[in-house]
Amino acid sequence: MSGAALGLEIVFVFFLALFLLHRYGDFKKQHRLVIIATLLAWYLCFLIVFILPLDVSTTIYNRCKLAVNSSPAESNGSYVTLAPSKQKCFKPWSYIPDGIMPIFWRVVYWTSQFLTWILLPFMQSYARSGGFSITGKIKTALIENAIYYGTYLLIFGAFLIYVAVNPNFNLQWNQLQTIGIAAANTWGLFLLVLLLGYGLVEIPRSHWNGAKRGYLLMKTYFKAAKLMTEKADAEENLEDIMEEVRKVSESIKYNHPLRKCVDTILKKCPTEYQERMGRNMDDYEDFDERQNSYPSEKSLAKLHKQVIYSVQRHRRTQVQWQILLEQAFYLEDVAKNESSATRQFVHTFHSQEPENKIIQYFYTPTVEWYWECLLRPWFYRVLAVVLATFSVIVVWSECTFFSTKPVLSLFAVFIQLAEKTYNYIYIEMACFLTIFFLSICVYSTVFRIRVFNYYYLASHHQTDAYSLLFSGMLFCRLTPPLCLNFLGLTHMDATISHKNTQPTAYTSIMGSMRVLSFIADGFYIYYPMLVVILCIATYFSLGTRCLNLLGFQQFMGDSEMTSDLIDEGKELIRREKRKRQRQEEGENRRREWKERYGNRDDSTRSRAVHTDQKESSFSETNANRPLSKYTRSNGRTERDRIELLQDAEPLDFNADSVNDDPLESDSGRYQPGGRYLSMSRSKIFDDV
């Protein structure tokens with residue numbers, strides 16, 4: 001099993017990152033470089049979270065082996081004996097051989113730092129650029145990042161000059177490397193505590209509120225009102241941008257040098273706008289540079305950038321509106337089915353997507369009713385209590401992890417108790433659950449961040465390239481300090497435990513933080529205590545109240561604005577529900593009409609053919625006989641009556657589908673598709 005656990009987790013984490021990226025990104029429409037860069041950033045961050053427990057268990061085994069193999073006289077205080085010298089150490093099932101983890105962490109860490117500080121910011125500007133060529137986009141990205149890169153180079157250059165001039169400093173390359181790592185981790189820890197303070201309170205509270213059906217339904221109505229406003233704004237913005245594109249397209253003719261740029265912009269527009277602009281084109285007119293003023297390539301690049309953003313925003317709001325409607329309809333169905341006497345869940349609307357047959361077999365309406373109406377609220381309450389307990393433990397440990405005698409950090413107590421019995425499975429599970437909970441609190445906050453509708457992670461493939469790259473950049477900056485904070489909580493970091501023990505492979509590549517004592521002994525220890533103040537502020541919704549006062553509508557139960565938006569959202573959902581009901585009723589009437597009268601079509605047509613054959617044979621046999629004074633074909637009359645009854649339209653017939661072309665007015669028999677079959681004029685007088 002040596003190294004097998006590492007290989008399995010590497011493969012599993014890759015597919016996990018790929019699944020999440022497929023949920024938020026769009027592999028078909030977004031650039032491959034954006035997909036690859038984001039996938040690599042997410043993959044490396046998730047890899048650190050999943051592999052770090054294996055590093056902890058391997059380090060504990062190495063400490064035990066070192067303590068057993070060396071006597072107290074030979075140690076000379078270089079290592080602390082963690083077990084009696086005659087005690088046997090058991091190798092963990094996930095043991096990783098020596099020399100693998102340092103190389104692995106070095107590759108993962110420096111690759112993630114290269115992504116977050118150099119490549120991803122450049123690709124953000126590249127993806128946001130409106131240039132029409134690769135060279136133009138690269139040029140724009142370099143100009144936008146010149147200030148960004150120049151600031152870091154200026155700070156680093158000033159620091160090098162200070163070190164070179166001051167004779168008291170004699171820094172080597174390893175120490176400079178450690179200072180750079182400490183600076184990056186300090187920036188990440190500053191943002192980490194802010195996000196962690198929000199997630200530790202909001203995640204348990206969201207699950208507790210998830211058990212309240214009325215609360216969820218009211219919040220959904222509130223979201224519907226806000227999303228409708230955003231949707232209308234996106235449609236209006238798209239109309240304005242498309243009007244500018246239309247004017248530019250009409251002014252720049254087919255033989256203008258910038259016509260290729262205009263065609264590139266038109267390809268990014270929705271299909272209906274492309275068709276509308278294509279009909280108004282007069283390509284036979286040549287351009288005259290002396291008579292008209294044409295836009296420059298720079299202005300076209302700006303318009304191209306606006307088109308990309310407006311189209312993406314419009315598409316995202318449309319999809320989010322449909323998802324929110326489904327959620328609102330489902331919550332209303334749950335509220336109605338709670339008082340059901342049959343204890344079978346009944347949906348107002350059938351699912352538009354085909355469901356899995358296996359799920360349909362096990363997840364019957366009765367099972368769905370028990371889960372949605374009885375079990376799910378209690379499950380969410382129990383889960384909220386468990387998450388709240390974890391949050392309290394994290395807050396307590398963040399405030400007390402610097403104390404080594406006595407050990408007050410609960411995570412450190414759990415790890416040390418398991419270390420005495422060498423229960424590696426318990427150690428790995430405790431480490432994994434701890435770091436996983438911390439990651440959920442931080443990463444879920446990142447996924448919920450919404451900065452003026454410019455950075456926004458939306459599921460169902462609706463996240464734009466800029467937001468994907470920004471999330472990857474945040475993950476790479478937050479994950480290393482998150483792991484260092486976790487090692488400090490468990491006292492596996494020698495800087496916190498103040499013990500001269502063998503460090504983990506992860507902390508070994510970070511170097512000794514003693515080079516910067518004010519960071520190692522000050523900022524890293526006392527700044528995480530700020531999480532207590534942030535948790536209190538989040539519990540009392542101080543940030544939400546401040547945003548509400550500034551004009552950003554937030555969901556607050558005691559606000560008059562919230563009540564108005566809830567009523568507005570309820571009316572919007574009711575209107576969409578009536579609209580969908582009318583559509584389903586119309587489809588049901590058409591289906592019933594087709595099932596009732598559609599089967600008679602073949603029999604009626606065969607009967608008509610048989611009648612025509614009998615009439616033709618009758619006329620042939622009686623061709624030499626004198627015509628009677630009064631002749632009438634009863635079969636023909638009966639056939640016409642049946643066809644007229646069959647071709648009658650249901651009540652919801654759409655008159656727009658009828659062909660009003662006078663050239664086709666000779667058609668006489670109506671088809672279900674909205675047309676009439678032409679009757680043969682040669683057989684009009686066959687019955688005479």
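**Exercise 1. Find out which residues Ala-418 touches once its close sequence neighbours are set aside, and decide whether Ala-418 is buried or exposed.**

*Solution.* Start with the contacts: leaving out residues up to four places away in sequence, Ala-418 touches Asn-423, Tyr-426 and Ile-427. Keep in mind that we're working with a predicted model here. Next, place the residue: Ala-418 sits in helix α14, which covers residues 410-421. Now check a distance. Ala-430 is 12 residues away from Ala-418 along the chain, and their C-alpha atoms are separated by 9.4 Å. Last, the accessibility: buried means under 20% relative accessible area. Ala-418 has 4%, so Ala-418 counts as buried.

**Exercise 2. Get an overview of the whole protein: how many helices and strands does it have, and what percentage of its residues count as buried?**

*Solution.* Begin with secondary structure: there are 24 helices and 4 strands. Then turn to burial: of the 688 residues, 40% count as buried. For the outside, the accessible surface comes to about 40000 Å², and carbon and sulfur atoms hold 60% of that. Finally, look at how the chain meets itself. Take the contacts with a separation of 6 or more: 76% of them are between residues 24 or more positions apart.

**Exercise 3. Take the regions annotated in UniProt and work out how much helix the model has over residues 177-201, 523-542 and 224-251.**

*Solution.* First, collect the annotations. The unreviewed UniProt entry lists "transmembrane region" at several spans, including residues 177-201 and 523-542. The unreviewed entry also puts a "coiled-coil region" at residues 224-251. Now go through them one at a time:

- Residues 177-201 are 100% helix and 0% strand, with the end C-alpha atoms 36 Å apart.
- Residues 523-542 come out at 70% helix and 0% strand, and their end C-alpha atoms lie 26 Å apart.
- Residues 224-251 are 100% helix and 0% strand, with 40 Å between the end C-alpha atoms.

**Exercise 4. Identify which residues touch the most other members of the largest nonpolar core, then follow Leu-200 to its contacts.**

*Solution.* The largest nonpolar core has 95 residues, and Trp-42, Trp-105, Leu-200 and Tyr-506 are the ones that touch the most other members. Helix α2 (residues 32-69) gives the most to this core, with 21 residues. Now pick up Leu-200. Skipping residues up to four places away in sequence, its partners are Ser-391, Val-394, Val-395, Phe-437, Cys-441, Val-531 and Cys-535. Don't stop there, though: a second, separate core has 19 residues, among them Leu-238, Val-248, Ile-252 and Leu-266.

**Exercise 5. Explain where the partners Arg-205 and Glu-202 sit relative to each other, and do the same for Glu-243 with Arg-246 and Glu-571 with Arg-574.**

*Solution.* The whole structure has 11 salt bridges. We'll take three of them in turn.

*Arg-205 and Glu-202.* Their side chains meet with 2.9 Å from N to O. Both are in helix α7 (residues 173-209) and 3 residues apart, so about one helical turn separates them. Arg-205 is partly exposed at 22% relative accessible area, whereas Glu-202 is buried at 15%.

*Glu-243 and Arg-246.* Here the closest N and O atoms are 2.4 Å apart. Both residues belong to helix α8 (residues 213-251), 3 residues and about one turn apart. Glu-243 is partly exposed at 33%, and Arg-246 is partly exposed at 25%. One more step: Glu-243, Arg-246 and Glu-250 are linked in a network of salt bridges.

*Glu-571 and Arg-574.* The closest N and O atoms are 2.7 Å apart. Because these two are 3 residues apart in helix α22 (residues 560-597), they are separated by about one helical turn. Glu-571 has 30% relative accessibility and counts as partly exposed; Arg-574, at 39%, counts as partly exposed too.

**Exercise 6. Work out which residues make the nonpolar surface patch of about 410 Å², and look up Met-429.**

*Solution.* Trp-93, Ile-425, Met-429 and Leu-433 make the patch. Met-429 lies in helix α15, residues 424-448. With a relative accessible area of 46%, Met-429 is partly exposed.

How values were computed: Residues numbered from 1 in each chain as written. Predicted model: local features only at pLDDT ≥ 70, side-chain atom pairs only at ≥ 80, totals over all residues. Heavy atoms only, no water. UniProt positions renumbered as here; feature names shortened; annotations may be inferred. Core = buried A, V, L, I, M, F, W, Y, C linked by side-chain atoms within 4.5 Å. Buried < 20%, exposed > 50% of the residue type's maximum accessible area, 1.4 Å probe, protein only. Contact = heavy atoms within 4.5 Å. Areas by Shrake-Rupley, 256 points an atom, 1.4 Å probe, with all protein chains shown as cover. Salt bridge = Lys/Arg side-chain N within 4 Å of Asp/Glu carboxyl O. Patch = residues over 30% accessible without salt bridge, like charges linked within 9 Å, V, L, I, M, F, W, Y side chains within 5 Å.
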